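Q: Please take a close look at a single part of this structure, and explain carefully how that part is placed and what surrounds it.

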Amino acid sequence: MNRLIEYMLKLPKGPKIIGALTICTLIGLLISSHPTKSFFHVKTNIEKRNDSLANLFNPEIAKQKSIKLDTFFSKLQAKSGFNGAVLVAQFGKIIYKKGFGYANYFTKSNINTHTHFQLASVSKQFTAVAIMQLHEKGLLNYDDAIYKHIPGFPYDSSLTIRSLLTHRSGLSDYAYNMDKVYDKKIPLTNQKVVEMMIRLKPHIDYRPNAKFSYNNTNYMLLAYIVEKLSGMNFREYAKKNLFEPAGMSESFIYDPMHPEMLRTAATGYVPRRGGPVVSEFNHLDGVTGDKGIYSTVEDLYHWDVALNEEKLVKFATLEEAFTPQHTTPKVLAKNYGFGWRLAQLDNGEWLTYHTGWWHGFKNYYLHNPKDNSAIIILGNMANHALGRVNIVQSILYPEKSNLFMKGEPLPTEFVLGGN
């Protein structure tokens with residue numbers, strides 16, 4: 001382009017005008033051929049990082065891993081009753097995706113990668129990201145006392161937003177601590193739970209911030225704080241600020257007042273000797289923040305990509321969320337960040353993931369920002385099939401299989417390059 005301009009400048013006036021028009025036309029054509037980004041776009045550091053990781057993708061190795069993964073999940077279905085959908089990605093590219101079994105055992109509708117599953121506690125990371133967004137906007141600080149954002153909250157300043165994010169609050173579980181006063185015929189809401197907490201002041205299980213204790217009350221309160229600060233219902237906030245920016249067109253938060261939302265969703269089951277039994281809904285399904293999101297493996301992959309591309313929050317913000325928060329009196333090998341579980345391998349590396357279990361749905365989602373990889377497994381049969389997720393990890397990272405298998409040999413059929 002520079003040489004063309006230099007040549008044009010040397011031309012007489014008439015041809016020079018024609019040359020200028022020609023260059024403008026060429027530039028217009030080039031810009032119109034890049035509708036999603038400006039022709040003059042300068043790549044950000046995040047884009048450069050993601051591009052460099054994408055260059056590590058090897059189609060032949062990915063194909064081998066895909067074959068191993070298909071063998072594993074096919075056997076898992078046959079031997080352990082796995083029923084669900086799977087998507088595995090590495091270096092920002094999908095290497096395997098497939099559905100297994102029935103979304104509904106009565107209608108015999110098959111599961112595919114667009115089948116909706118209840119994410120259960122995998123929902124918590126969405127709540128955490130919502131809090132991070134408000135933090136980036138300067139609407140809250142992680143060390144704010146909870147009563148600053150929930151007037152009348154009946155506990156002192158030692159209970160902070162950070163206490164909730166990291167499960168160090170000491171609060172008792174709302175599902176049990178006020179169980180006798182709930183009208184179980186009416187779906188609970190975050191507003192109702194908070195009002196009862198203010199009125200009844202349920203007991204504290206331990207001194208706040210003294211230890212880690214996983215508790216759904218924490219994320220119910222965080223969702224309520226998002227509502228108070230944004231002025232939006234949490235379902236609306238998630239749709240506008242989480243799902244839409246991430247390109248998650250198939251995702252929503254369930255509202256028991258609108259059961260038609262689940263018309264195309266999978267049904268959750270509990271295995272019994274006589275066959276699968278439907279896991280019934282109850283009054284707790286109206287509460288958001290700790291669970292309640294319905295999504296697909298395809299949409300969760302969009303979520304994974306959005307996190308890696310800073311579409312939701314900055315990378316620096318996420319780094320704190322992926323940092324072990326339980327370090328006193330020692331760093332726990334099984335730790336927690338902000339909405340993500342963290343597990344330390346024997347080589348010192350940390351896995352960032354979350355599991356979920358609610359109403360027959362059992363899920364596993366590994367997010368690895370180090371190489372833009374993900375393992376997404378959503379199931380609607382509450383059995384023990386996911387107990388062998390370490391084999392999936394070993395297929396994706398064969399060089400670390402000894403760390404995932406913990407001394408147990410990886411079956412030869414799943415060794416990369418094996419039969």
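The answer below begins with one glutamine and then turns to a sheet and a cavity.

A: The model is predicted, and the part chosen for the close look is Gln-133, which has its place in helix H5, spanning residues 124–136. With a relative accessible area of 9%, Gln-133 falls under the 20% limit and therefore counts as buried. The side chain of Gln-133 reaches the backbone oxygen of Asn-241 at a distance of 3.0 Å. When the neighbours within four places in sequence are left aside, Asn-241 appears again among the residues in contact with Gln-133, together with Tyr-237, Leu-242, Leu-312 and Val-313.

Turning to the sheet, three strands form an open arrangement in the order S5-S9-S6, with antiparallel pairing. Because strand S5 (117–118) and strand S6 (252–253) each have a single partner strand, they stand at the edges, and one side of each is left without a neighbour in the sheet. The pairing between S6 and strand S9, which comprises residues 293–295, is antiparallel and runs over two bridges; within S9, Ile-293 is the bridge partner of Ile-253.

As for internal space, a search of the whole structure finds one cavity of 30 Å³ or more, and the volume of the largest cavity is about 40 Å³. The lining of this largest cavity is made up of Phe-82, Lys-362, Gly-379, Met-381, Asn-383, Ala-385 and Leu-386, which divide into four nonpolar residues, two polar and one charged.

How values were computed: Residues are numbered from 1 along each chain as its sequence is written. This is a predicted model: local features need pLDDT of at least 70, side-chain atom pairs count only at pLDDT 80 or more; totals for chains, interfaces and linings use all residues. Side-chain values use heavy atoms; hydrogens and water are left out. Helices (H or I, at least four residues) and strands (E, at least two) are DSSP runs, numbered from the N terminus. Buried means under 20% relative accessible area, exposed over 50%, partly exposed in between (1.4 Å probe, protein chains only). A polar contact is a pair of N or O atoms within 3.5 Å; within protein, one must be able to donate a hydrogen and the other to accept it, and residues adjacent in sequence count only if both atoms are side-chain atoms. Contact means heavy atoms within 4.5 Å. Two strands pair if DSSP finds at least two bridges between them. On a 1 Å grid over the protein atoms alone, a cavity is a set of points where a 1.4 Å probe fits but cannot get out, and a pocket is an open set with protein on both sides within 12 Å along at least five of seven lines; lining residues have an atom within 4 Å of a point. Grid points are joined across faces, edges and corners, and a volume is the space filled by probe spheres set on the points. Ala, Val, Leu, Ile, Met, Phe, Trp, Tyr, Cys and Pro count as nonpolar, Asp, Glu, Lys and Arg as charged, and the others, Gly among them, as polar.
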